[in-house]
Amino acid sequence: MVEDCPARLNELAEKKELDISLISRWIYPSIEKDYAVIPEICISGDGTIMSVELFTKRPIELLQNGTLFITAETGTSSKAFGYLVARKYGLDLLSLERAPYETADAVLLIGNSALAFSNPEYPYKYDLGEMWKEVVGNKMIYAIAVARRDIYDSARKVALDYFNESLEKFEREKESQLAKISAIFERQQKVSISCEKLAEYYTKLIYKLPEKDFWESFNFVKNLYANELV
């Protein structure tokens with residue numbers, strides 16, 4: 001079992017070092033020949049997601065000559081933000097000069113770092129899920145599950161059984177699980193997070209989609225990647 005940030009899981013999958021993995025949706029074309037999608041499993045959302053966010057010192061439309069920090073933990077959320085900001089604001093976000101976390105005019109964070117971020121110097125916040133829903137209109141798939149093609153049938157069953165058991169366990173033990181997550185979060189991020197905020201966050205995450213919805217969102221990004229994001 002390998003636990004790591006999205007960027008690292010993407011890297012390991014590209015090296016064919018994982019049998020089954022969650023990967024960033026946007027990198028799938030680079031591993032498609034070796035891995036097949038398990039469509040029942042994903043990390044997705046339908047609007048505000050809370051954990052993929054761009055924090056800025058001034059409104060996006062005033063960032064033309066600004067600087068940008070992108071966390072190394074992200075797989076490809078930066079591409080999605082770049083696409084949306086260009087569509088909505090006419091700004092080439094990813095062409096901004098890179099700067100350290102401490103001095104950048106805009107900071108793109110994911111996961112716990114985004115949830116923990118609190119700095120009055122960055123009064124503007126843009127949520128990737130919220131912007132995706134506004135600009136694109138459909139659900140946003142952040143991560144997909146894949147399995148090696150040569151073991152796909154057996155691996156798919158193992159992944160589905162494990163995934164369903166995990167979700168059921170979380171629902172049965174939600175109160176104690178949230179308390180554990182809160183303690184881990186505080187230890188890692190050096191700031192506290194309430195169980196109430198964590199509970200709200202988990203209501204934003206969708207871990208399973210009907211196949212029709214899954215493939216609709218998946219294929220939209222596939223076409224987007226082929227035509228606009230290469």
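Two strands are taken to pair if DSSP finds at least two bridges between them. On that basis, Thr67 stands opposite Glu97 in S5 of this predicted model. The pairing of strand S4 (residues 67-70) with S5 is parallel and extends over two bridges.

These strands belong to an open sheet of five, in the order S5-S4-S6-S3-S7. Its pairing is mixed. Strand S5 (97-98) and strand S7 (124-127) occupy the edges. Each has a single partner strand, so one side of each is left without a neighbour in the sheet. Helix H4 packs on this sheet and touches strand S3 (52-56) and S7. The direction of H4 makes about 65° with that of S7.

H4 also packs against another helix. Helix H2 (residues 77-89) and helix H4 (residues 128-135) meet at an angle of about 45°, and their axes lie 10 Å apart. Angles of 65 to 115 degrees count as roughly perpendicular, and those under 35 degrees as roughly parallel. The angle of about 45° therefore makes H2 oblique to H4. The crossing of the two helices is left-handed. From H2, the contact draws on Ser77, Ala80, Phe81, Tyr83, Leu84, Val85, Arg87, Lys88 and Tyr89. From H4, Leu128, Met131, Trp132, Glu134 and Val135 take part. By class, 10 residues of the H2 contact with H4 are nonpolar, one is polar and three are charged.

A second sheet is open and has three strands. Their order is S1-S8-S2, and the pairing is antiparallel. Strand S1 (20-24) and strand S2 (35-45) are the edge strands, and each pairs on one side only. From one strand to the next, the twist averages 30°. S1 and strand S8 (residues 140-148) run antiparallel and are joined by five bridges. Within this pairing, Ile20 has Ala147 in S8 as its bridge partner. Helix H1 (residues 6-14) packs on the sheet and touches S1 and S2. The direction of H1 makes about 120° with that of S1.

Two further helix contacts share H6. The axes of helix H5 (residues 152-172) and helix H6 (residues 174-189) come within 5 Å and cross at roughly 95°. H5 and H6 are therefore roughly perpendicular to each other. On the H5 side, the contact involves Lys169, Phe170, Glu171 and Arg172. Lys174, Gln177, Leu178 and Ile181 face them from H6. The contact of H5 with H6 comprises three nonpolar, one polar and four charged residues.

H6 packs against helix H7 (residues 195-204) at an angle of about 110°, with the axes 9 Å apart. H6 and H7 are therefore also roughly perpendicular to each other. Here H6 contributes Leu178, Ala179, Ile181 and Ser182. H7 contributes Cys195, Leu198, Ala199 and Tyr202. Seven residues of the contact of H6 with H7 are nonpolar, one is polar and none is charged. Leu178 and Ile181 of H6 thus appear in the contact with H5 and in the contact with H7.

How values were computed
Residues numbered from 1 in each chain as written. Predicted model: local features only at pLDDT ≥ 70, side-chain atom pairs only at ≥ 80, totals over all residues. Heavy atoms only, no water. Axes fitted to C-alpha atoms, helices over the stretch in contact; angles between N-to-C directions. Helix = DSSP H or I, 4+ residues; strand = E, 2+ residues; numbered from the N terminus. Parallel < 35°, antiparallel > 145°, perpendicular 65-115°, else oblique. Contact = heavy atoms within 4.5 Å. Nonpolar A, V, L, I, M, F, W, Y, C, P; charged D, E, K, R; others polar. Left-handed = near helix turned anticlockwise from the far one by under 90°.
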